[in-house]
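Some questions about helix packing, buried side chains and backbone geometry are worked through here. The sequence and the structure come first.

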Amino acid sequence: MNKAKQVYVTYIRSTREKVWDAITNPEVTRQYWGHNNVSEWKPGATWEHRRVSNSSVDIAGKVIETSPPKRLVISWANPANLHDADKVSRVTFDLEDMVDLVRLTVTHDELEPDSDMLRGINRGWPLVLSSLKSLLETGKPIDIMNLKSSPDAAKL
Amino acid sequence: MARLTTESTVYVTYIATTPEKCWEAVTTSAFTKLYFFGRSIESDWRIGGDIVYRTPDGTVDVQGKILECDPPHYVRFTWHVEMIPELSHLPDSIVSYRIERAGENVVRFTMTEEHPAPLDERLLEGGRWGWPLILSGLKSVLETGKMFKADPPGAPPAMQEYFKELRK
């Protein structure tokens, strides 16, 4: 099967350490993502994306590769589909320094073509990355869980 | 063998601002000079009218015609690169900016680059390289009032390869 891949690039006036922390520290993810990202962040460890409002696990997977504060690779699936290899996708966060900026590239690949997950993440990542950038640059995230016309965002 | 494509590229970002303020940031030079690699913008924003992006020394970088315009929500125009000789022979692309209210003081900004005439796929890399930096700058300027320091990215490797083939 031909898998789909999406790439999202955003530039944030911050440091790699702060961006890394914002991806892996639930105290920060809950502020801009509406979820706690919970894991030991060691290769092979599980990670869970727990909704702040009711603790439901909306996304889960394993840590595939980690080299703070440069690169994090995780698998990504609805918890019900964790054992269905076709439905487990992969997310890579690459953080690069650029003058007083960080270039954050999120590559989401191994996605099932024409799937709800593909449609969901294609709405979700721009929201999440916009909110992350706002939080790090202004101290105030975007209230992504309460936006108009973003029903899929609640899950991501 | 070069692969040709008519694929559109789409970028979405959410900005804590109003549609009116976002429209102003897209259509006035006081803003574009901050986040669009120093470019000024000129247009009367009427259908059929010209639109020009100009570098600080006055050189026309991009020229086009307004196809649709609905302030403060939508503008769509042809995009012809004048400044880079290797690109000035290319057929027009079409660029649009869509500004939608997504919540209280939040807009969803969608930039689309359409390629109605088939283009060498490697040329799309130029946009993939530059647009995220421009849109990140637009968001920073609107949310913080300041632009970050960033040099315009040079041509990405795929585009350099395209230029090299042209020169042969």
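The questions and answers below concern a predicted model.

Q: At roughly what angle do the axes of α1(A) and α2(A) cross?
A: Helix α1(A) covers residues 16-24, and the axes of α1(A) and α2(A) come within 6 Å. The two helices are roughly perpendicular, a class that takes in angles from 65 to 115 degrees. The crossing angle is roughly 80 degrees.

Q: How many charged residues does the contact of α1(A) with α2(A) have?
A: From α1(A) the contact takes D21(A), A22(A), I23(A) and T24(A), and from α2(A) it takes P26(A), V28(A), T29(A) and Y32(A). By class these divide into 5 nonpolar and 2 polar residues, and the number of charged residues is 1.

Q: How are α2(A) and α3(A) oriented to each other?
A: Helix α2(A) spans residues 26-33 and α3(A) spans residues 116-138 of chain A; their axes come within 9 Å and cross at roughly 115 degrees. Because 65 to 115 degrees is the range of that class, the orientation of α2(A) to α3(A) is roughly perpendicular.

Q: What is the handedness of the crossing of α2(A) and α3(A), and how many nonpolar residues are in the contact?
A: Helix α2(A) passes α3(A) in a right-handed crossing. The contact is made by V28(A), Q31(A), Y32(A) and W33(A) on one side and W125(A), V128(A), S131(A), L132(A) and L135(A) on the other. No charged residue is included, 2 are polar, and the number of nonpolar residues is 7.

Q: Which class describes the orientation of α3(A) and α3(B)?
A: Helix α3(B) runs over residues 124-144 of chain B, and its axis lies 11 Å from that of α3(A), at an angle of about 45 degrees. Their crossing is right-handed. An angle of 35 to 65 degrees falls outside the parallel and perpendicular classes, so the orientation is oblique.

Q: How many charged residues are in the contact of α3(A) with α3(B)?
A: S130(A), K133(A), S134(A), E137(A) and T138(A) meet S136(B), K139(B), S140(B), E143(B) and T144(B). This contact has no nonpolar residues and 6 polar ones, and the number of charged residues is 4.

Q: Is D120(B) buried or exposed?
A: D120(B) lies in strand β9 of chain B and touches A2(B), R3(B), L4(B) and Y162(B), leaving out residues up to four places away in sequence. Its side chain makes a polar contact of 2.8 Å with that of R122(B). Because the relative accessible area is 8% and the limit is under 20%, D120(B) is buried.

Q: Which residue has its backbone oxygen 2.7 Å from a polar atom of the side chain of H115(B)?
A: H115(B) sits in the loop between β8 and β9 of chain B and is buried, with a relative accessible area of 3%. Among the residues that H115(B) touches are T6(B), S8(B), S93(B) and L124(B). The C-alpha atom of H115(B) is 6.4 Å from that of a residue 108 places away along the chain. The backbone oxygen belongs to E7(B).

Q: With which residue does the side chain of D58(A) make a polar contact of 3.0 Å?
A: D58(A) is in strand β4 of chain A. At 8% relative accessible area D58(A) is buried. The side chain joined to that of D58(A) belongs to R51(A).

Q: Is V99(A) buried or exposed?
A: V99(A) lies in the loop between β6 and β7 of chain A. Its C-alpha atom is 9.9 Å from that of T15(A), 84 residues apart along the chain. Since the relative accessibility is 66% and the limit is over 50%, V99(A) counts as exposed.

Q: What is omega of the cis peptide bond that joins P71(B) and P72(B)?
A: In chain A, a cis peptide bond joins P68(A) and P69(A), with omega about -5 degrees; P69(A) is in the loop between β4 and β5. In chain B, P72(B) lies in the loop between β5 and β6. For the bond of P71(B) with P72(B), omega is about 0 degrees.

Q: What is phi of W45(B)?
A: W45(B) is found in the loop between β3 and β4 of chain B and is buried at 19% relative accessible area. W45(B) is a residue other than glycine with a positive phi, near 55 degrees.

Conventions
Residues are numbered from 1 along each chain as its sequence is written. Chains are lettered from A and ligands numbered from 1 in the order in which they are written. This is a predicted model: local features need pLDDT of at least 70, side-chain atom pairs count only at pLDDT 80 or more; totals for chains, interfaces and linings use all residues. Side-chain values use heavy atoms; hydrogens and water are left out. Axes are lines fitted to C-alpha atoms, for helices over the stretch in contact, and angles run from 0 to 180 degrees between N-to-C directions. Helices (H or I, at least four residues) and strands (E, at least two) are DSSP runs, numbered from the N terminus. Angles under 35 degrees count as roughly parallel, over 145 as roughly antiparallel, 65 to 115 as roughly perpendicular and the rest as oblique. A crossing is left-handed if the near helix is turned anticlockwise from the far one by less than a right angle, and right-handed if clockwise. Contact means heavy atoms within 4.5 Å. Ala, Val, Leu, Ile, Met, Phe, Trp, Tyr, Cys and Pro count as nonpolar, Asp, Glu, Lys and Arg as charged, and the others, Gly among them, as polar. Buried means under 20% relative accessible area, exposed over 50%, partly exposed in between (1.4 Å probe, protein chains only). A polar contact is a pair of N or O atoms within 3.5 Å; within protein, one must be able to donate a hydrogen and the other to accept it, and residues adjacent in sequence count only if both atoms are side-chain atoms.
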